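Please open the structure in your viewer and keep the selection tool at hand. We will go from one selection to the next and look at what is there.

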Amino acid sequence: MIQAGPNSPGTVIQVKLSIGPDVEWYLPNNVKVSDNNYASAALESASTYWLKCTNFGFTLPLTAIIGGILVQAEVHKSGPGLIVQTFVEIVKDDVIGGTTGTGRGNTNYWLEADQVREYGNSNDLWNETWTPADINSATFGAALACQSSGGADAWVDHIQITVYYTEITTSSSTTITTTSSSTTKTTSTTLSTSITTTSSSTTSTHTSSSSKSTTITTTSSSTTTTSSSTTVTTSSSTTHSTSTTITYPPPSLTFTKIIDNIINVREH
Ligand SMILES: [Ca+2]
């Protein structure tokens, strides 16, 4: 799984959460960086507005297959009461909750000191279907709100998103094919050189040619075929010289010569 991010939002706006008396955030743009400058909300047993964060600047490749989305929020609380509920939604195509509205909030109480809380994970698609264009869009993001019990102040330092994806790569298999073909070329060149050496030494002596053929057998089996064809050529030339020896004059020619001698004697 390839990881993109964590990235921070470029745009933060407030959106009312419910029809109830929601509390607005003070300095919402402070959630863009982890620097202990906070967006804060003073709650009296009520809920906050959404901190709607978008424009995360992802640049996933168009071949990416999205595997999961992780939202992280660095938060803490102060005051006598508790932050008892956190609402976290994904923002898809500028819509809080996307098409399904499946949030990843929980009821874990916020601590008195900063803590990075995680919503979603590397295998969580938040019940949505994603394309790389959806993630790369400036309208992709996340929204966070919270609810207090007994009166507490909520503090948000930073909100980030990490996207996990896989990608089909074809470049590695192409490289392997190129390497194997060049190796084959080198081997064939070496083979032809050793064959030439053998054929020239065959002419000299029988002893030296046998030692050469031992070397060639180590190289490859096709070399053995070549040396046997050389042997055939030598034996055929021997047969030819034998047939040359059979050049006796035909008996009919000898008989003609005798007749001629008789004729000559008669004429004289
Ligand atoms: Ca901050």
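This tour starts with the whole chain, moves into the core and a sheet, and ends with some individual residues.

**Stop 1: the whole chain**

Show everything first, and keep in mind that this is a predicted model. The pLDDT of the protein averages 76, with 63% of the residues scoring at least 70. Now select residues 177–253, where the pLDDT is below 50. In the model this stretch has 25 contacts beyond near neighbours in sequence. Where pLDDT is low, the predicted coordinates should not be read in detail.

Go back to the full view and colour by secondary structure: there are 10 strands and 5 helices. The protein has 268 residues, and 25% of them are buried. How far apart in sequence are the residues that contacts join? Among contacts between residues at least 6 apart, 79% join residues at least 24 apart.

**Stop 2: the largest nonpolar core**

Next, select Leu 51, Ala 142, Leu 144, Val 156 and Val 163. These residues touch the most other members of the largest nonpolar core, which holds 45 residues. To see where the core comes from, highlight β3 (39–43), β4 (50–54), β5 (64–78), β6 (82–92), β9 (141–149) and β10 (152–167); each gives two or more residues to this core. Which element gives the largest share? That is β10, with 8 residues. In soluble globular proteins, nonpolar side chains tend to be buried together.

Stay here and centre the view on Val 156. Which residues is Val 156 in contact with, leaving aside its neighbours within four places in sequence? They are Val 31, Tyr 38, Ala 39, Leu 51, Ala 73, Val 75 and Leu 144. Two of the core residues you have just selected, Leu 51 and Leu 144, come up again in the sheet.

**Stop 3: an open sheet**

Select β2, β4, β9, β6 and β7, and follow them in that order across an open sheet of 5 strands with antiparallel pairing. Why do β2 (11–15) and β7 (95–96) each have one side without a neighbour in the sheet? They stand at the edges, each with a single partner strand, so one side is left free of a neighbour.

Now zoom in on β9, where 8 of the 9 residues are buried. On one pairing, 4 bridges join β9 to β4, and the two run antiparallel. Show Leu 51 and Leu 144 together: Leu 144, in β9, is the bridge partner of Leu 51. In another antiparallel pairing, 9 bridges join β6 to β9. Here, pick out Gln 85, whose bridge partner in β9 is Gln 147.

While you are in β9, click on Ser 148. Is Ser 148 buried or exposed? It counts as buried because it has 25 C-beta neighbours inside 10 Å, and the cut-off for buried is 20 or more. Not counting residues up to four places away in sequence, Ser 148 touches Leu 43, Ser 45, Ala 46, Gly 81, Leu 82, Ile 83 and Val 84. Add Trp 110 to the selection: Ser 148 and Trp 110 are 38 residues apart in sequence, and their C-alpha atoms are 10.0 Å apart in space.

**Stop 4: strand β1**

Move to β1 (residues 2–7), the strand that holds Pro 6. The peptide bond from Gly 5 to Pro 6 is cis, with omega near 10°. Most peptide bonds are trans.

In the same strand, select Asn 7. With 17 other C-beta atoms within 10 Å, Asn 7 is partly exposed. Beyond its neighbours within four places in sequence, Asn 7 is in contact with Phe 56, Gly 57, Phe 58, Gln 160 and Ile 161. Then draw a distance from Asn 7 to Val 163: they are 156 residues apart in sequence, yet 8.9 Å apart from C-alpha to C-alpha.

**Stop 5: two loop residues**

Finish with Leu 27, in the loop between β2 and β3, and Asp 94, in the loop between β6 and β7. Most residues other than glycine have a negative phi. Leu 27, however, has a positive phi of about 55°, and Asp 94 has a positive phi of about 75°. Leu 27 is exposed, with 12 other C-beta atoms within 10 Å. Asp 94 also counts as exposed, with 12 C-beta neighbours inside 10 Å.

Technical notes. Residues numbered from 1 in each chain as written. Predicted model: local features only at pLDDT ≥ 70, side-chain atom pairs only at ≥ 80, totals over all residues. pLDDT = per-residue confidence, 0-100. Contact = placed C-beta atoms within 7 Å. Core = buried A, V, L, I, M, F, W, Y, C linked by C-beta atoms within 7 Å. Pairing = 2+ DSSP bridges.
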